[in-house]
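Biologist: Could you pick one part of this model and give me a close look at it? Walk me through how it sits among its surroundings, and keep it relaxed.

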Amino acid sequence: MPESLRDPHPPDPHREPEPGPPAMVVGVDGSASSVAALRYAAGLAPRLDLHVRAIAVWNYPTFIYGGYYPELDWTPEDDAQRIVQRTALEVFGESAPEWFATRTRRGRPAEVLIDESASAEMLVLGSRGHGGFAGLLLGSVSAACAEHAKCPVLVVHGR
């Protein structure tokens, strides 16, 4: 592969789990479904004595301008950070509880969330994200996670 087409920041394939108490991991992408998932997890977590970690997954576009990545002020990582912060603000308002954390991670959403499930007590997802066909009951990411996650998966349908 030509050097100009190589990913300048390849993801770390063997990440260590985050230290700390057991957590519910909630996948967020800015969709109404992911907001509902975080809202549901926020209500459930205190009853189960779990922390909540909302995660937005990002990746570089495959090809921009035939493989050329222009230097822009925008990055997909910054966009993911804004999405997870905006979702948290919508659910918790200005003061999130101490048991709540946000983060972003690079990769493909289903793969990253399945990886995160290895160190989670529960994976919470919305039933539909931004992609695909609106008529489907379950999105491709939530379906893949339900099948392959290493912890229980809760799929939240619109509320």
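Modeller: Sure, starting with terms: helices are DSSP runs of H or I with at least four residues, strands are runs of E with at least two, and both are numbered from the N terminus. Gln 85 sits in helix α2, so α2 is the part I'd like to zoom in on.

Some ground rules. This is a predicted model, so local features need pLDDT of at least 70 and side-chain atom pairs count only at pLDDT 80 or more, while totals for chains, interfaces and linings use all residues. Residues are numbered from 1 along each chain as its sequence is written, and side-chain values use heavy atoms, with hydrogens and water left out.

The setting comes next. The protein has four helices and five strands, and from the N terminus on they run β-α-β-α-β-α-β-α-β. As for pLDDT (the predictor's confidence in each residue, from 0 to 100), the protein's mean is 82, and 72% of its residues reach 70 or more. Confidence is lowest in α4, at a mean of 91, and highest in strand β4 (residues 122–126), at 96.

Now for α2 itself. The helix covers residues 76–92, which makes 17 residues, and spans 24 Å from its first C-alpha to its last, close to the 24 Å expected at 1.5 Å a residue. That expected span is 1.5 Å times one less than the number of residues.

Which of its residues are buried? Buried means under 20% relative accessible area, exposed means over 50%, and partly exposed is in between, using a 1.4 Å probe and protein chains only. In α2 the buried ones are Pro 76, Ala 80, Ile 83, Val 84, Thr 87, Ala 88, Val 91 and Phe 92. They are on the same side of α2 because they cover an arc of only 140° around the axis, the arc being that of the directions from the helix axis to the C-beta atoms. As background, an α-helix has 3.6 residues a turn, so residues three or four places apart point the same way.

What covers that buried set? The cover includes α1 (32–48), β2 (51–58) and β3 (100–106), going by contacts, meaning heavy atoms within 4.5 Å. Seen from the other partner, the buried residues of α1 pack against β1, β2, α2, β3, β4 and β5. That buried set in α1 includes Val 35, Leu 38, Ala 41 and Leu 44.

Gln 85 is a handy contrast: at 44% relative accessibility, this residue counts as partly exposed. Its C-alpha and that of Val 28 are separated by 9.9 Å, although the two are 57 residues apart along the chain.

At the end of α2 comes Phe 92, which counts as buried because its relative accessibility is 18%. Rings of Phe, Tyr and Trp (its six-membered ring) pair if their centres lie within 6.5 Å; planes under 30 degrees apart are stacked, over 60 edge-to-face, and the rest tilted. The whole structure gives two aromatic pairs. Phe 92 with Trp 99 is edge-to-face, at 6.0 Å centre to centre and 80° between the planes. Phe 92 with Phe 100 is tilted, at 4.6 Å centre to centre and 50° between the planes. Together, these ring pairs link Phe 92, Trp 99 and Phe 100 into a cluster, and Phe 100 is buried too, like Phe 92. Right after the helix, Gly 93 has a positive phi, near 75°.

Last, the core. A nonpolar core is a set of buried Ala, Val, Leu, Ile, Met, Phe, Trp, Tyr and Cys residues joined through side-chain atoms within 4.5 Å. The largest one has 25 residues, and those with the most contacts inside it are Met 24, Val 26, Leu 38 and Val 124. Helix α2 is among the elements that give two or more residues to this core, along with β1 (23–27), α1, β2 and β4. The largest share, eight residues, comes from α1. There is also a second, separate core of 11 residues, which includes Ile 55, Leu 113, Cys 145 and Cys 151.
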